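Please look over the model below before reading on. The notes that follow are short and keep to a few points.

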Amino acid sequence: MASLTDLVNLSLSDTTEKIIAEYIWIGGSGMDLRSKARTLSGPVTDPSKLPKWNYDGSSTGQAPGEDSEVILPQAIFKDPFRRGNNILVMCDCYTPAGEPIPTNKRHNAAKIFSNPEVAAEEPWYGIEQEYTLLQKDTNWPLGWPLGGFPGPQGPYYCGIGADKSFGRDIVDAHYKACIYAGINISGINGEVMPGQWEFQVGPSVGISSGDQVWVARYILERITEIAGVVLTFDPKPIPGDWNGAGAHTNYSTKSMRNEGGYEVIKAAIEKLKLRHKEHIAAYGEGNERRLTGRHETADINTFSWGVANRGASVRVGRETEQNGKGYFEDRRPASNMDPYVVTSMIADTTILWKP
C-alpha cells in the first residue's frame, strides 16, 4: 500500500497531461497570503491563458458575504512542492464589477511601472527580506530558551553552529525552492538576532520585483508550515536590545547606472527626503518600534543619507561613490512592507514626481 509520503511525491506527468495550478492572493490584512488549487487540462506558461477565478471575500476580511471577489492571474512560477508541470500563480483581486479591491496594491503599482517615463528608466530592485522563525507553541524565537533569552547579539550574524544558528534547514530548503520556482533569489544569511534570517530577491525589473517577493514569502510560509515553525515578518518581534527586521530596498535606474549616475542618485535622494513622511507611512505597520536610531537604523522622524552608513535612512555604497554611478539602498522599509507599494512609490517619487 502506498504511504502518505509516496502519494505526496506522486508525479502526475507520468500518467496525464493535466496539471495543478495553485492560485495565490493577498488576504484582508495586507500581509496574509491565501491560496487554493485547480486542475487544468495541460501546461500553461502565459498568465493571460489562465482562467479567472473567484473566492469568498467575506472569509478573508475583504468583502460582505453576498459579494465574491475575482482573482486575476498575473505571474506564473514553477511549483517546488508538486513539481512537474504544476505551477504557482500570483494573482491580484477585483470586485465582480472589475474594480481593484482596497488590498490590491499591485494594480496601482502596475500603472506606475507601465508609465513610459518609468519604463524607459528600467528600474532595478534588490530587496533584502528579513524574517524571524518562532517556536509554534510559544511564539518565542527558534533556538531561544523557553521564557528566557540567549546570549547577547554578536555571534549570530552569519554564524554557524548549533548554539548560534537556528533553522538553517528551513532557510536552505527555501533557497533551493525559490531557485526551482524561477524566482531571482540572490542569497541568504543569518541575521544579527538569533532565529532571524534574510533572503535577497533581485535584481528584478519593475512589477516583477513585487511578484517575486510575494511568491518567495508564500514558499517560505509553506515550508515553515511543513516544519511546524511559525514565520513572522513583525519589524520588532522582541522588544529591547535586539535587532528588528527590515526589508532594505536597493534601487537603480538606467540613468543612475550610466556615466554621471551619481548626480542622478543624489537628486533622487533629495526627492525622497522631501517625501519622507509619505514614504514612512507606506513602509510597513509597526515600523516606529524598529526605526529608533539604534540597531543599525535611522530615527523614524529624521531623514538622513550617507556613504557606507548603515545608520542612515538611505545608504550609498562606497563603490557607487567611487565609480560615479550605481545604486542606493533605502533602509527604511519594514519587513512587513508591501513590495508592490514600496517599489512603485520609490519609482514614482524619483522619476515621475516633480517637486
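The points below cover the annotated domain, one helix pair and the cysteines.

1. The model is predicted, not experimental. Any reading of local features should keep that in mind.

2. UniProt, in an unreviewed entry, places the feature "domain: GS catalytic" at residues 105-355. In the model, this span is 37% helix and 19% strand. Its end C-alpha atoms lie 24 Å apart.

3. Helix 7 spans residues 261-274 and helix 10 spans residues 339-352. The two pack at an angle of about 115 degrees, and their axes are 9 Å apart. The crossing of helix 7 and helix 10 is right-handed.

4. Which residues form the contact between helix 7 and helix 10? Helix 7 contributes A268, K271 and L272, which meet T349, T350 and I351 of helix 10. By class, the residues of this contact are 3 nonpolar, 2 polar and 1 charged.

5. How many disulfides does a search of the whole structure find? The count is 0. For C93, the closest cysteine sulfur is that of C91, and the distance of 7.2 Å is too far for a bond. A disulfide would need the two sulfur atoms within 2.5 Å, so C93 and C91 are not paired in this model. C93 is also buried, at a relative accessible area of 4%.

6. C178 is likewise in no disulfide. The nearest cysteine sulfur to C178 belongs to C91 and is 18 Å away. Is C178 buried or exposed? C178 counts as buried, because its relative accessibility is 0% and the cut-off for buried is under 20%.

Conventions. Residues numbered from 1 in each chain as written. Predicted model: local features only at pLDDT ≥ 70, side-chain atom pairs only at ≥ 80, totals over all residues. Heavy atoms only, no water. Axes fitted to C-alpha atoms, helices over the stretch in contact; angles between N-to-C directions. Helix = DSSP H or I, 4+ residues; strand = E, 2+ residues; numbered from the N terminus. Left-handed = near helix turned anticlockwise from the far one by under 90°. Contact = heavy atoms within 4.5 Å. Nonpolar A, V, L, I, M, F, W, Y, C, P; charged D, E, K, R; others polar. Buried < 20%, exposed > 50% of the residue type's maximum accessible area, 1.4 Å probe, protein only. UniProt positions renumbered as here; feature names shortened; annotations may be inferred.
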